[in-house]
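This report introduces the structure shown below to a reader who has not met it before. It begins with one residue and then turns to the chain as a whole.

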Amino acid sequence: MANTAEQTRERFTNFTPYEAKKGEEYMSPEMLQHFRGLLMQWRQELMEEVDRTMHHMQEDAANYADPSDRASQEEEFSLELRTRDRERKLIKKIDKTIDRIDKDDYGFCDQCGVEIGIRRLEARPTATLCIDCKTLAEIRERQTGI
Ligand SMILES: [Zn+2]
């Protein structure tokens, strides 16, 4: 079931875009606070989602006795387990990102050191590469087939 709820979970969209004040420096304390809040909220929603998946699976397990139902149910379960695994990984990544914000080490490309940019970070708050380095990394990935 590739529904839209599953897709929105991969990204967090429920926030007000940050409006930098005139002359405000990149990654000012207010800006860091904005991203911290955004990541915390996203994390919270993912945690609730993991909980819901667990409950859903427990309820379903009780409902099917017929073996033919069980086959399709197992398929659904493995899908849900994969989703949950993805969510767990994402939560870990969010934790790491919050840690970097706390250490004032957020918003700059790990590869080349340039500003990743507010809008890109809002679209992908866990990004550690600027768009150029990310694009290069993706091309390299495709070429080596990893
Ligand atoms: Zn870069």
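Leaving aside its neighbours within four places in sequence, with which residues is Cys-130 in contact? The partners of Cys-130 are Cys-109, Cys-112, Val-114, Ile-116 and Arg-120, where contact means heavy atoms within 4.5 Å.

The model is predicted, so local features need pLDDT of at least 70 and side-chain atom pairs count only at pLDDT 80 or more, while totals for chains, interfaces and linings use all residues. Residues are numbered from 1 along each chain as its sequence is written, and side-chain values use heavy atoms, with hydrogens and water left out.

**The annotated cysteines**

In an unreviewed UniProt entry, the annotation "binding site" covers Cys-109, Cys-112, Cys-130 and Cys-133; positions follow the numbering used here, feature names are shortened, and annotations may be inferred rather than shown by experiment. These residues span 25 residues in sequence, yet no two of their C-alpha atoms are more than 8.0 Å apart, so they gather at one spot.

Two of them are set side by side here. Buried means under 20% relative accessible area, exposed over 50%, and partly exposed in between (1.4 Å probe, protein chains only).

| Residue | Location | Relative accessibility |
|---|---|---|
| Cys-109 | loop between helix H3 (67–102) and helix H4 (118–123) | 5%, buried |
| Cys-130 | loop between H4 and helix H5 (131–144) | 6%, buried |

Beyond four places in sequence, Cys-109 is in contact with Val-114, Ile-116, Thr-128, Leu-129, Cys-130 and Cys-133.

**Helices and core**

The protein chain has five helices and zero strands; helices (H or I, at least four residues) and strands (E, at least two) are DSSP runs numbered from the N terminus. Of its 146 residues, 32% are buried.

A nonpolar core is a set of buried Ala, Val, Leu, Ile, Met, Phe, Trp, Tyr and Cys residues joined through side-chain atoms within 4.5 Å. The largest one has 26 residues, of which Met-27, Phe-35 and Leu-121 touch the most other members. Helix H2 (29–63), H3 and H4 each give two or more residues to this core, and H2 gives the most, with eight. Met-27 has contacts beyond four places in sequence that include Leu-32, Phe-35 and Leu-121.

**Confidence**

The mean pLDDT (the predictor's confidence in each residue, from 0 to 100) is 87 for the protein chain, and 87% of its residues reach 70 or more. Among the elements, helix H1 (residues 4–9) has the lowest mean, 46, and H4 the highest, 94. Over residues 1–8 pLDDT stays under 50. Where pLDDT is low, the predicted coordinates should not be read in detail.
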